[in-house]
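Visitor: I would like to know how each label on this model is earned. Please set the values against the cut-offs.

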Amino acid sequence: YNNTVSIDIGRRFLALISKHFPKEHKLHKIINRNTIKLSYSCTPNLGTLIKRHNSRALDESAETERVKTCNCRKRDECPLEGQCLTRSVVYEARVATDRGSSKYIGLTEGPFKSRFSSHKQSFAHASHKHSTELSKKVWELKDNGTPFKITWRIIERARGYPGGGGTCNLCITEKLHILLNPDALNKRSEMTSKCRHINKFLIKNLKRPP
C-alpha cells in the first residue's frame, strides 16, 4: 500500500488478466478473475527486516557447516551425483524410453533422498501407484512392458515456509516451473494447491511438552 499511488491499479490489473487470458486460452481455467485475488499489504517494519536478515544469515552459515551431502553406500549409484542429502529443492525426474521422454517436477523440504525413497516405494508397490503423476507414468510403462530409465536433477533451491505469515518460496518456485513446463506430467490443479508446509506451524498441530 502506498498513498502516492493515484491510479486504479486493481481495475487495470484485472483488465490485463481478462485481456491476456481469455476464455479460449489454455490457462484460463487457472488464471481468471475468479481464481486470482487482489489485495494490498503493508511494508514490513525495520524489526521484521532485521529478523529476516538474521534468520537468512544463520541458515546460510549452517548450510556451509553441513559438509556431508551424500550417504549412499555406493557413490556412483547416488541419484543426484553426490547431492542426495540436499534440502529444500525443486527437482525434476525425467522418464526416458525409446519413444521419447516425459518429465515430472516435484519438491521436498527435507533431504531429497527421503523423497526419493518415497518415489521408489510407489514404483515398487502397486498399492502406491497413484501416489503421484510420476508413479502413474512408471506403472503405465511397466504394465505395457516398456523399458525406461529415470534420471533426477535439482532445478532450483528455495526456502520453505518460515512461519509468521511469510510466503513459501519453495511452493511458489515449484508452481513457476510447472507453469513453464506445460508438457510435464504434473496436473494443472497443482498450480492452485495450498502450501502444505504451513501445517506444522498451526496451533492444532503443535505437540504438547511431556
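Guide: The sheet comes up before the helices, salt bridges, cysteines and one loop residue.

Guide: This is a predicted model, where local features need pLDDT of at least 70, side-chain atom pairs count only at pLDDT 80 or more, and totals for chains, interfaces and linings use all residues. Residues are numbered from 1 along each chain as its sequence is written, and side-chain values use heavy atoms, with hydrogens and water left out.

Visitor: What makes β1 and β2 a pair?

Guide: Two strands pair if DSSP finds at least two bridges between them. Strands are DSSP runs of E, at least two residues long, and helices are runs of H or I, at least four, both numbered from the N terminus. Strand β1 covers residues 87–97 and strand β2 residues 100–111. They share 10 bridges, in the antiparallel sense. The count meets the cut-off, so they pair.

Visitor: Which residues stand opposite each other there, for example across from Ala 93?

Guide: Ala 93 faces Tyr 104 in β2. Val 95 has Ser 102 of β2 opposite. A hairpin of two residues connects β1 to β2.

Visitor: How do you know that β3 pairs with β1?

Guide: Strand β3 spans residues 149–157 and has eight bridges to β1, again antiparallel. At least two are needed, so this is a pair. Glu 92 stands opposite Arg 153 in β3.

Visitor: Which strands are called edge strands, and why?

Guide: The open sheet has three strands in the order β2-β1-β3, with antiparallel pairing. β2 and β3 are the edges, each pairing on one side only. From one strand to the next, the twist averages 25 degrees. Axes are lines fitted to C-alpha atoms, for helices over the stretch in contact, and angles run from 0 to 180 degrees between N-to-C directions.

Visitor: Which helices lie across β1, β2 and β3?

Guide: Helix α4 (residues 133–143) does, at about 20 degrees to β1. Helix α5 (residues 169–180) does as well, at about 175 degrees to β2.

Visitor: Why is the link between Glu 92 and Arg 94 called a salt bridge?

Guide: A salt bridge needs a side-chain nitrogen of Lys or Arg within 4 Å of a carboxyl oxygen of Asp or Glu. For Glu 92 and Arg 94 the N to O distance is 3.6 Å, so the pair qualifies. A salt-bridge network links Glu 92, Arg 94 and Arg 153. The structure holds eight salt bridges.

Visitor: Is Glu 92 buried or exposed, and what about Arg 94?

Guide: Buried means under 20% relative accessible area, exposed over 50%, and partly exposed in between, with a 1.4 Å probe and protein chains only. Glu 92 has 5%, so it is buried. Arg 94 has 29%, so it counts as partly exposed.

Visitor: What makes Glu 109 and Lys 200 a salt bridge?

Guide: Their closest N and O atoms are 3.2 Å apart, which meets the 4 Å limit. Glu 109 lies in strand β2 and Lys 200 in the segment after α5, so the pair ties together parts 91 residues apart in sequence. Both count as partly exposed: Glu 109 at 22%, Lys 200 at 46%.

Visitor: How do you know that Lys 129 and Asp 143 form one?

Guide: The N to O distance is 3.7 Å, again within 4 Å. Lys 129 is in the loop between α3 (112–124) and α4, and Asp 143 is in helix α4, so parts 14 residues apart in sequence are tied together. Lys 129 is partly exposed at 23%. Asp 143 is exposed at 54%.

Visitor: Why are Cys 70 and Cys 72 not called a disulfide?

Guide: A disulfide is a covalent bond between the sulfur atoms of two cysteines. Here the label requires a pair of cysteine sulfur atoms within 2.5 Å. The sulfur of Cys 70 has its closest cysteine sulfur, in Cys 72, at 3.6 Å, so it is too far for a bond. For Cys 78 the closest is in Cys 70, at 3.8 Å, also too far for a bond. The structure holds zero disulfides. Cys 70 is buried at 7%, and Cys 78 is buried at 9%.

Visitor: What makes Leu 80 buried?

Guide: Its relative accessible area is 9%, so it is buried. Leu 80 sits in the loop between α2 (46–65) and β1. It touches Phe 112, Trp 152, Arg 153 and Ile 154, leaving aside residues up to four places away in sequence. Contact means heavy atoms within 4.5 Å.
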